[in-house]
Amino acid sequence: MRAALPSAAISLALSPIKSFTFTPSRRHTIQSTARFISMSSSTAAANYPRPLSSGGFSLPPLVEDLLPIVTECRDESGNNTTLRTDLILIRPPGMEELWEWLAYTKRQSEGDPSWGRVWPTALSMARFIKRSFHSSNPSSRYGVNLVDQAVDALKTTSHVVELGCGLGVAGLAYATMSSSIPSKRTVTFLDREPYALHCVMSSAAMNKLNTAPLVHAESDKEASDSLSLTIVRASVDDWTVSNESGDGNSKIKNIGYRDLGLGSSIYDNQYTTILASDILYEPASMKKLARKIHSLMQPNEGGYALISDPKEERTEGCRDSFVSSVKELGGDVAIVPLQGPAGSVGLVEGDIDIDGSLASTLLIVVHFPGKL
């Protein structure tokens, strides 16, 4: 199993054991659709992606990319307005290049290249977050109590956790959008892939977000005096591990609420809101996933989870299994469609699913009540 997450420093110097160059990748159906999208993109993205390294034994090949998060919402006058946030992402060039690197470094048996691309569900979640922070028009609400309550929780929570984060698109979008709100917040990224978390923390630094260890010795006074309002953290995590301390065959911990170190009095509240995208793909693990989400919430207060999922399931029956598992634990679930990009100007390559089609996404909202 993997060792602990490498240093979150932004330095991308690899000191490779042996440099190597990848052969041109096959792009299949996705490439032809991406050509249309590239013609619709703004000139600001013309110089991206920028190569950072061809890769080595320590880290995979990496590029710096610009990801525009573009969406629409209604203002107080009822008029549509276009919203945009640009994220800088440090990422592999693609899944195929990442798979070649895993093969080159003999890590195929333990590596999963699916984290190496931006998925439509993550983009949909990022746009949803953007609309949630900027829309005050009552008509823009979903009309579903559980969903509207989750949106309110997302805007007021002091602690957000992105579970199975991959490149961290949703959590990074939240961190950049919440950084202007005058209250202390943490955004914590969890994933079983250390290299994905290295990219997330590098992206956070490139977006001028303050980073810190998961649990650090900073006193309440030192933290309250800090100029940064939003702190970004990350940890290797595996929700399939049988207990929070890990089992005998794994060095990866199953992170729970108490591991997050959120007891400081400098925060407005102690409850967490969970974000996740495209994590419903193994029916046999849905009970563990439901328990995982429950374990990340403040035991006395409970909380909400917002999960973006493809309208066409990755694995048939997974969604029903997850909903049943949540309800068995005493939780509630609501499912609504998520709005797509704002016309062609909002389309990016990540909107194209693995089969080459423009993806449709659902929002699954989970609520677990607390003990109080």
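Lys 208 sits in the loop between helix 6 (194-206) and strand 6 (210-211). In this predicted model, Lys 208 has a positive phi of about 60 degrees, although it is not a glycine. Lys 208 counts as exposed because its relative accessibility is 75%, and the cut-off for exposed is over 50%.

Asp 278 also has a positive phi without being a glycine; the value is near 55 degrees. Its place is the loop between strand 8 (272-277) and helix 8. Asp 278 is buried, with a relative accessible area of 12%.

**Overall make-up**

The chain has 372 residues, and 54% of them count as buried. Its secondary structure comes to nine helices and 11 strands. Take the contacts between residues at least 6 apart in sequence: 76% of these join residues at least 24 apart.

**Arg 314 and its acidic partners**

Which side chains does Arg 314 meet in polar contacts? One is the side chain of Asp 278, at 2.9 Å. Another is the side chain of Asp 353, at 3.1 Å. Arg 314 itself lies in the loop between strand 9 (302-310) and helix 9. Its relative accessible area is 31%, so Arg 314 is partly exposed.

Setting aside residues up to four places away in sequence, Arg 314 touches Trp 119, Asp 278, Leu 280, Tyr 281, Asp 353 and Ile 354. Leu 280 is 34 residues from Arg 314 in sequence, yet their C-alpha atoms are 7.4 Å apart in space.

**Three residues compared by accessibility**

The table lists three loop or strand residues with their accessibility.

| Residue | Location | Relative accessible area |
|---|---|---|
| Ser 158 | loop between helix 4 (145-156) and strand 4 (159-163) | 2%, buried |
| Ile 88 | strand 3 (residues 80-91) | 13%, buried |
| Arg 314 | loop between strand 9 (302-310) and helix 9 | 31%, partly exposed |

**Ser 158**

Is Ser 158 buried or exposed? Ser 158 is buried, because its relative accessible area is 2% and buried means under 20%. The side chain of Ser 158 reaches the backbone nitrogen of Asp 268 at 3.3 Å. Leaving out neighbours within four places in sequence, Ser 158 is in contact with Lys 184, Arg 185 and Thr 186, and also with Tyr 267, Asp 268, Asn 269 and Tyr 271.

**Ile 88 and the cis proline**

Ile 88 belongs to strand 3 (residues 80-91). It counts as buried at 13% relative accessibility. Not counting residues up to four places away in sequence, Ile 88 touches Tyr 48, Glu 64, Asp 65, Leu 66, Ser 203, Met 206 and Asn 207. Pro 68 is 20 residues away from Ile 88 in sequence, and the C-alpha to C-alpha distance is 8.8 Å.

Tyr 48, one of the residues that Ile 88 touches, is joined to Pro 49 by a cis peptide bond. Omega there is about -5 degrees. Pro 49 lies in the loop between helix 1 (28-40) and strand 1 (50-53).

**Helix 3 against helix 5**

Helix 3 (residues 120-134) packs on helix 5 (residues 169-178) at an angle of about 20 degrees, with the axes 8 Å apart. That makes helix 3 roughly parallel to helix 5, because angles under 35 degrees count as roughly parallel. The crossing of helix 3 past helix 5 is right-handed.

Helix 3 brings Ala 122, Met 125, Ala 126, Ile 129, Lys 130 and Phe 133 to the contact. Helix 5 brings Val 169, Ala 170, Ala 173, Tyr 174, Met 177 and Ser 178. By class, the contact of helix 3 with helix 5 has 10 nonpolar residues, one polar and one charged.

**Helix 8 against helix 9**

Helix 8 (residues 286-295) and helix 9 (residues 318-328) pack at about 45 degrees, and their axes are 8 Å apart. Helix 8 is therefore oblique to helix 9. Helix 8 passes helix 9 in a right-handed crossing.

Which residues of helix 8 make the contact? They are Met 286, Lys 287, Leu 289, Ala 290 and Ile 293. From helix 9 come Cys 318, Ser 321, Phe 322, Ser 325, Val 326 and Glu 328. The contact of helix 8 with helix 9 divides into seven nonpolar, two polar and two charged residues.

Terms used. Residues are numbered from 1 along each chain as its sequence is written. This is a predicted model: local features need pLDDT of at least 70, side-chain atom pairs count only at pLDDT 80 or more; totals for chains, interfaces and linings use all residues. Side-chain values use heavy atoms; hydrogens and water are left out. Axes are lines fitted to C-alpha atoms, for helices over the stretch in contact, and angles run from 0 to 180 degrees between N-to-C directions. Helices (H or I, at least four residues) and strands (E, at least two) are DSSP runs, numbered from the N terminus. Angles under 35 degrees count as roughly parallel, over 145 as roughly antiparallel, 65 to 115 as roughly perpendicular and the rest as oblique. A crossing is left-handed if the near helix is turned anticlockwise from the far one by less than a right angle, and right-handed if clockwise. Contact means heavy atoms within 4.5 Å. Ala, Val, Leu, Ile, Met, Phe, Trp, Tyr, Cys and Pro count as nonpolar, Asp, Glu, Lys and Arg as charged, and the others, Gly among them, as polar. Buried means under 20% relative accessible area, exposed over 50%, partly exposed in between (1.4 Å probe, protein chains only). A polar contact is a pair of N or O atoms within 3.5 Å; within protein, one must be able to donate a hydrogen and the other to accept it, and residues adjacent in sequence count only if both atoms are side-chain atoms.
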